[in-house]
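Me: I have a structure open and would like to go through some of its contacts, helix packing and internal spaces. Could we take them one at a time?

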Amino acid sequence: MLYNLKRLTGYALGFVLFYAPVALFQRCLFYLLYGSWQPQSIHGLCFRIPIEHILDGIIWRLTPISMLSTLLLLAVAFFLGPVFCGRLCPAGAFTEYLSKLVPSKFQISWHRYTEIAPIRYGMLAGFCLVPFFGGILACSYCNFFLFDLLANYYTQGYFISLTSSLLLTAIMWVLVFGIFTKGGRGFCNFLCPVGAAQGLMHAIGCRLPFVLSVHVDKNQCIGCGLCEKKCPMESAELVDGKAQINQHNCICCGVCQHACPVQAISYNSTVFPVILGVLFMSVVYKFLQKHIPVFLKTIVVPLLTMLITVPVTLI
């Protein structure tokens with residue numbers, strides 16, 4: 001129960017950080033860059049456009065917020081894994097939790113029929129090569145944007161125009177690769193270029209001994225298969241009676257680690273989480289020091305710094 005609450009808290013935090021009406025991450029980054037506190041949306045953040053133009057060089061001509069956010073996302077994926085996907089992205093979590101409402105006998109386990117990684121990276125390669133042929137796919141089938149439309153229809157009164165692109169995205173995201181896919185994250189596996197780019201960075205980074213990744217202690221593993229059954233990305237499987245994690249589509253969500261009855265699976269800690277936590281705390285502290293009235297600073301600044309930093313670090 002506590003673990004599920006922790007996961008839901010992470011996705012709620014992701015909504016507050018990246019989606020309107022709050023979009024706290026974009027607001028803070030805009031403030032750091034321009035010294036002004038302005039309303040923001042997911043369009044200013046957009047990870048897809050910079051990734052689409054990472055090969056043709058246009059990424060360096062995009063807005064600083066979009067460019068810096070994407071570079072930060074890829075750097076985090078390299079050192080910590082795709083934690084954005086596994087612990088913060090509400091769009092991916094939405095279909096994962098919806099899929100729990102459908103009996104498993106009606107769901108497709110894509111891993112049984114095909115290798116996920118080649119299709120995932122093939123799609124990413126095509127996505128990045130399209131601009132060389134005069135095309136643009138970044139806004140064509142974005143589930144992140146569609147989730148924003150659905151969520152803010154109630155909070156902002158947005159009008160949802162049911163274009164063919166949005167309808168196709170909804171069908172593929174929510175139905176085919178959502179509730180009727182084992183784990184509910186088929187769209188994340190096959191059609192999300194942001195997730196694929198993070199997976200690639202993680203697969204490269206986890207070869208180094210000092211970065212974070214999910215590991216299995218083969219000596220401790222009893223081959224019960226619970227990790228394989230529970231993994232929403234189908235990245236956990238049994239090989240020769242022992243659990244094995246495919247780092248190419250593992251999103252470091254912690255589901256397999258929580259499901260393991262003998263604690264054979266771990267998300268290895270290194271010095272990097274500590275360093276990042278301290279840096280984040282420093283930014284929060286300086287921001288609060290600048291905006292909290294003088295007579296409240298002694299008590300309120302340390303308290304708010306801990307209240308903001310500790311949950312983010314734990315998630």
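Me: Leaving aside its neighbours within four places in sequence, which residues is H202 in contact with?
Reply: In this predicted model, H202 is in contact with A77, G81, P82, L212, S213, Q247, C250 and C252, once neighbours within four places in sequence are set aside.

Me: Which helix does H202 lie in?
Reply: H202 belongs to helix 12, which covers residues 193-205.

Me: And is H202 buried or exposed?
Reply: H202 counts as buried, because its relative accessibility is 0%.

Me: Changing topic: at what angle do helix 1 and helix 2 pack?
Reply: Helix 1 (residues 2-18) and helix 2 (residues 24-34) pack at about 40 degrees, and their axes are 4 Å apart. Helix 1 is therefore oblique to helix 2.

Me: Which residues meet there, and what is their character?
Reply: From helix 1, V16, L17 and F18 meet L24, F25 and Q26 of helix 2. The residues of this contact comprise five nonpolar, one polar and no charged.

Me: Now the pockets. What is the volume of the second largest pocket?
Reply: The volume of the second largest pocket is about 750 Å³. Its lining has 29 residues, and K182, G183, K229, K230 and C231 are the closest to the centre.

Me: Which elements give two or more residues to that lining?
Reply: Those elements are helix 1, helix 7 (90-99), helix 13 (226-230) and helix 14 (255-259).

Me: How does the lining of the second largest pocket divide by residue type?
Reply: The lining of the second largest pocket has eleven nonpolar, nine polar and nine charged residues.

Me: How many cavities of 30 Å³ or more are there?
Reply: The count is three cavities of 30 Å³ or more. The largest cavity holds about 90 Å³ of space.

Me: What lines the largest cavity?
Reply: Its lining consists of 14 residues, with C231, S235, C250, C253 and C256 nearest the centre. Twelve of the lining residues are nonpolar, two are polar and none is charged. C250 is also among the residues in contact with H202, and C231 is one of those closest to the centre of the second largest pocket.

Me: And the second largest cavity, how much space lies in it?
Reply: About 70 Å³ of space lies in the second largest cavity. Residues lining this cavity include C221, C224, C227 and C260, together with I222, L226, L238, V262 and I265. The lining of the second largest cavity divides into ten nonpolar, two polar and no charged residues.

How values were computed. Residues are numbered from 1 along each chain as its sequence is written. This is a predicted model: local features need pLDDT of at least 70, side-chain atom pairs count only at pLDDT 80 or more; totals for chains, interfaces and linings use all residues. Side-chain values use heavy atoms; hydrogens and water are left out. Buried means under 20% relative accessible area, exposed over 50%, partly exposed in between (1.4 Å probe, protein chains only). Contact means heavy atoms within 4.5 Å. Axes are lines fitted to C-alpha atoms, for helices over the stretch in contact, and angles run from 0 to 180 degrees between N-to-C directions. Angles under 35 degrees count as roughly parallel, over 145 as roughly antiparallel, 65 to 115 as roughly perpendicular and the rest as oblique. Ala, Val, Leu, Ile, Met, Phe, Trp, Tyr, Cys and Pro count as nonpolar, Asp, Glu, Lys and Arg as charged, and the others, Gly among them, as polar. On a 1 Å grid over the protein atoms alone, a cavity is a set of points where a 1.4 Å probe fits but cannot get out, and a pocket is an open set with protein on both sides within 12 Å along at least five of seven lines; lining residues have an atom within 4 Å of a point. Grid points are joined across faces, edges and corners, and a volume is the space filled by probe spheres set on the points.
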